Amino acid sequence: MWSRALSRTSAAARGGCLVRRALGATAATRSFGALASSAARRAVPVYAPPSGPEGPREEGATAGQPIWPSGWHDSLQYHFFFEGLFVHARVFLTPSLEEHCVWIYDHNVGKVEELISTGERLKEHGTDTLDLRGSRFSVHDGPGGGAVVLKDTSGKTELEVKFTNKHVYSWLPAGFSGSDAVIHRPDMDLELTFRGKELKGKGYSKRYYGEYGPHWGYRFIQSSHLPDNKFLWTADATFRIGEPEAKYNYFKLLDGETGELVQAPSVDTYQQDCAGYAYIDGVKYVAEIEPLGQWQHDYKGGDTNSRMQLRYCKLKLSKGDGSKPLEGYAFNERCFGAL
């Protein structure tokens with residue numbers, strides 16, 4: 001059974017998150033670079049996890065996001081899952097560009113609809129946690145949660161998603177040390193107002209910052225829409241290719257009710273085009289996706305030239321012990337190129 005597998009996870013991390021073992025940091029501290037403002041250097045809270053993806057640290061639900069920007073490259077993304085509707089929002093910064101986007105997949109329509117995609121630079125209004133604002137898009141992400149808001153071209157609020165943190169994890173990506181953390185929130189509670197609809201759902205957010213380039217590539221599968229209160233996120237990535245490069249793989253499956261976390265050692269998880277694989281305690285896990293809709297974009301300007309492909313998908317998560325697969329919906333992300 002899925003619940004029985006989760007109960008076998010061992011070794012407690014801070015805050016009660018159950019993990020298998022910790023990895024020490026392996027690389028020198030990276031500087032913020034020219035784009036990191038003095039305010040960003042004073043950012044509160046400071047995330048400084050001691051180890052890599054096999055030793056995630058639970059930060060507590062009241063943790064807020066550092067102000068923008070916090071690194072040479074900075075990225076903040078949200079995956080909002082509702083019954084019949086998916087919403088994606090992202091802010092993406094490199095030394096030569098900053099862009100933000102919002103798109104949706106409505107099951108009744110059966111295709112992706114882009115609501116905004118622009119190179120307008122957002123202004124940071126926060127003094128200790130993130131409060132980004134533009135002419136149509138804004139995101140406040142403070143202690144305990146926040147909101148993403150999109151206005152239409154007339155200035156009226158078209159979409160608003162309020163989110164509340166549940167589990168918050170941080171760790172160091174491969175090749176990083178110090179405060180260049182990645183921050184995951186896999187099971188946020190959501191309230192959506194959009195075109196006359198009011199829905200409740202579950203969501204995920206990822207924030208990361210640091211020197212990930214100049215060359216990189218990765219695959220990522222995530223779901224906050226599985227039965228039995230399960231939440232999946234898994235990646236297969238390589239950063240700073242050849243400089244020397246940093247290989248970075250992980251597979252996480254959270255029980256949102258108990259807080260127990262099943263995860264694979266980094267060497268035992270990988271991805272292909274439409275599937276992610278992991279071996280945990282001799283059992284094979286397979287996350288298979290079936291794309292339903294796609295948003296593709298080239299982040300291109302200066303030295304930046306990365307193609308990002310985002311897909312909303314059906315998901316089947318199988319565990320090789322004969323138990324019934326978990327089926328729901330997922331977000332799939334692939335990106336390759338230069339930052």
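## Salt bridges in a strand-rich fold

D321 is partly exposed, with 37% relative accessible area, where partly exposed covers the range between buried (under 20% relative accessible area) and exposed (over 50%), using a 1.4 Å probe and protein chains only. Its side chain meets that of K319 in a salt bridge, 3.4 Å from N to O; the term stands for a side-chain nitrogen of Lys or Arg within 4 Å of a carboxyl oxygen of Asp or Glu. K319 itself counts as buried, at 5% relative accessibility. Elsewhere, E113, E158 and R195 are joined into one network by salt bridges that share partners.

A word on the ground rules: this is a predicted model, in which local features need pLDDT of at least 70 and side-chain atom pairs count only at pLDDT 80 or more, while totals for chains, interfaces and linings use all residues. Residues are numbered from 1 along each chain as its sequence is written, and side-chain values use heavy atoms, with hydrogens and water left out.

Now for the whole protein. You will find 2 helices and 22 strands, taken as DSSP runs (H or I of at least four residues for helices, E of at least two for strands) and numbered from the N terminus. Of the 339 residues, 59% are buried. The accessible surface is about 13200 Å², with 48% of it belonging to carbon and sulfur atoms; these areas come from the Shrake-Rupley method with a 1.4 Å probe, and for residues only the protein chains shown count as cover. If we take contacts (heavy atoms within 4.5 Å) between residues at least 6 apart in sequence, 58% join residues at least 24 apart.

Back to the charged pairs. Side chains of opposite charge can pair when their charged atoms come close. The structure holds 18 salt bridges, including these:

| Salt bridge | Closest N and O atoms |
|---|---|
| E333 and R90 | 2.8 Å |
| K166 and D189 | 3.7 Å |
| D321 and K319 | 3.4 Å |

E333 and R90 form a salt bridge that links distant parts of the chain: E333 sits in strand β22 (residues 326–338) and R90 in strand β3 (residues 85–94), 243 residues apart. Both E333 and R90 are buried.

The salt bridge between K166 and D189 has one partner in a loop. K166 lies between β10 (157–164) and β11 (169–171), and D189 belongs to strand β12 (residues 182–194), so the pair ties together parts 23 residues apart in sequence. K166 is partly exposed, with a relative accessible area of 38%, and D189 is partly exposed too, at 28%.
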